[in-house]
Structures are given as C-alpha cells and as structure tokens.
Amino acid sequence: MKYAIITGASKGLGEAIAKRLIQEQIAVVSVSRTENMEIKSLASEQGMEYKHFSCNLSLEKEVQEVFMEIAHCIFQKDPKEILLFNNAGVIEPIQTVGNLDQTPVIRNIQVNLIAPMLITNLFFNKAQLTNTKVTVINVSSGAAVRSIEGWSVYCSSKAGLNMFTQTAAIEQAEMQTNNKIIAFSPGVMDTNMQETIRSSSKEAFKDLEHFKEFKEKNMLLAADVVANALVDLVLSDSVENGKVYNIKELLK
Ligand SMILES: NC(=O)c1ccc[n+]([C@@H]2O[C@H](COP(=O)([O-])OP(=O)(O)OC[C@H]3O[C@@H](n4cnc5c(N)ncnc54)[C@H](OP(=O)(O)O)[C@@H]3O)[C@@H](O)[C@H]2O)c1
C-alpha cells in the first residue's frame with residue numbers, strides 16, 4: 001500500500017493533488033488548519049483510507065507533535081512507499097524590505113521552509129529502520145530563482161527550499177537509500193494565493209498590474225491540470241532525485 005501525506009490539502013494545488021491520489025487508490029493523509037470535506041467524501045465514495053490532521057505549520061511544537069503521530073500511524077502499517085508532498089505555503093508578507101513586520105516574516109519562513117525541513121528530516125529518519133521508500137515533493141516556485149520586488153521573504157523561503165532539496169538528495173544518494181526528494185515549481189495557478197497577490201498594494205508590489213492581467217486574460221493554470229502533471233510524474237517511477245522540476249517541462 002502507498003500512503004501520501006499532503007500539507008495544505010484543504011485548498012488549491014494540495015486539494016487537487018489529494019483528489020487525484022484518491023482516484024489512484026492511494027491512501028491520503030491531509031494536513032492543514034482546516035479540513036476539506038469534499039476530499040473526505042471522495043475518499044469514502046472510493047472506499048479509500050483517508051485521515052485529516054489539523055496543524056498550524058507555523059508552530060514548531062504542533063509540527064513536531066502532529067507529524068510524530070502521523071509517522072507512527074503510517075510506518076506501523078509497513079507501507080511500500082510514502083509520498084510526502086510539502087505543499088502548504090504562504091505568500092505574505094508582500095512588502096518591501098525596510099517596511100516588513102516581524103511576525104509575518106517569521107510565519108512565512110516557518111510554513112514555507114522550516115516545516116518542510118523538519119517533516120522531511122523526521123520521515124527520512126524513520127525510514128532508516130524500515131523497508132519503506134520515502135519520496136518527498138517540495139512545492140517550490142519560480143520566485144526561488146527570480147527576484148520579485150515586494151516578495152523578498154517568499155523568494156528567500158523558496159530558494160532555501162530548493163537548496164535543502166538538492167542537498168538532502170545528494171545525501172540520500174551517497175547513503176544509497178531508496179528515498180528520493182525533488183522540488184517542483186507549479187507555475188502561476190488560479191488559487192487563493194493569487195487572490196492574495198491581487199489584493200496587495202502597488203506600493204508594496206511593483207508587478208501588481210501584471211498579476212491582475214494574468215487573471216483577466218485567463219492566463220492562470222488550473223490547479224487540477226498542474227496536480228495531474230505532478231502526480232503523473234511521481235507515479236511514473238522516472239523521478240530524478242534532487243531535480244527542481246518546472247511545470248513547463250511536464251506540460252510539453
Ligand atoms: N498559486 C500560485 O500561483 C503558485 C505559484 C508558485 C508556487 N505556488 C506554491 O504552491 C503551493 C500551493 O499554493 P496554492 O496556490 O494552492 O495556495 P492556497 O490556495 O493559498 O493554499 C494554501 C494551502 O496551505 C495551507 N496553509 C497555509 N498556511 C498554513 C499554516 N500556517 N498551517 C497549515 N497549513 C497552512 C492552507 O490550508 P489552511 O488554510 O486550511 O491551513 C492551504 O491548504 C504553495 O507552496 C505555493 O507557494 C503557488
């Protein structure tokens with residue numbers, strides 16, 4: 001049996017990944033602050049194992065406690081493979097450096113970078129004592145490799161996530177484990193995160209009009225199109241350890 005853990009499965013890309021995986025007969029563990037009841041119903045219709053854990057990923061203690069419990073529940077079933085999607089993310093603060101408030105800066109780094117690091121560390125650690133293969137998919141962004149004015153914190157968190165991914169990947173290869181870890185840049189998608197971006201101010205975010213145009217001109221990718229391309233890759237067995245994938249190459 002394969003298990004997938006998806007952070008941020010309540011909305012957007014995470015929701016679309018969860019729905020597709022349930023269709024693929026993969027047991028899903030959802031982690032976010034709110035539960036998406038459509039996913040619960042779909043799992044029950046399909047007769048699939050599903051469990052939601054409520055967790056605020058910006059709180060280190062909650063992350064440790066909730067993921068210890070998830071790891072305990074899953075590893076005791078001796079699964080063939082665990083797919084860990086570190087997908088939850090926040091864009092805020094959208095603000096220029098010099099005008100940032102401390103709390104949203106810390107929250108961004110906790111959710112986007114520290115939580116994926118701690119969760120990956122825990123699962124690679126637990127996998128050492130088992131025959132289970134762990135595949136980690138860290139959802140990154142084009143902003144990891146392109147500076148966007150007003151997004152310094154978000155860009156930094158995603159750049160850090162890419163580097164963490166690449167470093168952990170070479171370590172796993174060196175240790176000759178079966179585990180793999182990749183990063184994935186999903187492109188600009190029609191989700192709540194884009195609504196937050198469009199509601200920011202021109203003073204804080206220079207590119208605001210450009211992002212409004214993406215929506216007006218229907219240029220945003222649908223989350224399910226992106227999720228299907230990512231899941232096709234992950235289930236194909238051709239995942240290249242350490243690679244930072246971009247949606248553009250998967251939709252060709
Ligand atoms: N949308 C884009 O254009 C775009 C572009 C590039 C990269 N990305 C990346 O793609 C990923 C998914 O983004 P999305 O567009 O689907 O975002 P979204 O629609 O805003 O959804 C964000 C998800 O993250 C969860 N989340 C946020 N803060 C959390 C916290 N403190 N604790 C637990 N869960 C939290 C939310 O769940 P709750 O609110 O229920 O907690 C929600 O399920 C993110 O990593 C994002 O950076 C998005």
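**Close-up 1. Helix 6 and the shell around the ligand.** In this predicted model, helix 6 gives the most to the shell around the ligand, chipping in 3 residues. Helix 6 spans 192-198, and helix 1 (12-23) and helix 5 (152-174) also supply at least two shell residues each. There are 30 residues around the ligand in total, and the ones that come nearest are Lys11, Arg33, Thr34, Tyr154 and Thr191. Sort the shell by character and you get 15 polar residues, 12 nonpolar ones and 3 charged ones.

**Close-up 2. Polar contacts to oxygen atoms of the ligand.** Here we zoom in on Arg33, Lys158 and Gly8, each with a polar atom facing an oxygen atom of the ligand at a short list of distances: 2.7 Å for Arg33, 2.9 Å for Lys158 and 3.1 Å for Gly8. Arg33 and Lys158 do this with side-chain atoms, whereas Gly8 uses a polar atom of its backbone. As for how much of the ligand is covered, the protein buries 95% of the 890 Å² that the ligand exposes when taken alone.

**Close-up 3. Trp151 against Tyr154.** The whole structure holds 6 aromatic pairs, and this view picks out one of them. The ring planes of Trp151 and Tyr154 stand at 85° with the centres 5.7 Å apart, so this pair counts as edge-to-face. Trp151 is buried, because its relative accessible area is 4% and the cut-off is under 20%. Tyr154 comes out at 6%, so it is buried as well. Tyr154 also turned up among the residues that come nearest to the ligand.

**Close-up 4. Trp151 against Phe205.** Trp151 has another ring partner in Phe205, and this pair is stacked, with 25° between the planes and 5.2 Å from centre to centre. The two residues are 54 residues apart, so to speak from distant parts of the chain. Trp151 sits in the loop between strand 5 (133-139) and helix 5, while Phe205 belongs to the loop between helix 6 and helix 7 (208-216). Phe205 has a relative accessible area of 0%, so it is buried.

**Close-up 5. The aromatic cluster as a whole.** Pull back a bit and the two pairs turn out to be part of one aromatic cluster, made up of Trp151, Tyr154, Phe205, Phe211 and Phe214.

**Close-up 6. Lys51 over Phe53.** This last view swaps ring pairs for a charge and a ring. The charged end of Lys51 sits over the ring of Phe53, at 5.1 Å from the ring centre.

Technical notes: Residues numbered from 1 in each chain as written. Predicted model: local features only at pLDDT ≥ 70, side-chain atom pairs only at ≥ 80, totals over all residues. Heavy atoms only, no water. Near = heavy atom within 4 Å. Polar contact = N/O pair within 3.5 Å; in protein donor to acceptor, adjacent residues only side chain to side chain. Areas by Shrake-Rupley, 256 points an atom, 1.4 Å probe, with all protein chains shown as cover. Helix = DSSP H or I, 4+ residues; strand = E, 2+ residues; numbered from the N terminus. Nonpolar A, V, L, I, M, F, W, Y, C, P; charged D, E, K, R; others polar. Phe/Tyr/Trp six-rings, centres within 6.5 Å; stacked < 30°, edge-to-face > 60°. Buried < 20%, exposed > 50% of the residue type's maximum accessible area, 1.4 Å probe, protein only. Lys NZ or Arg CZ within 6 Å of the ring centre and 35° of its normal.
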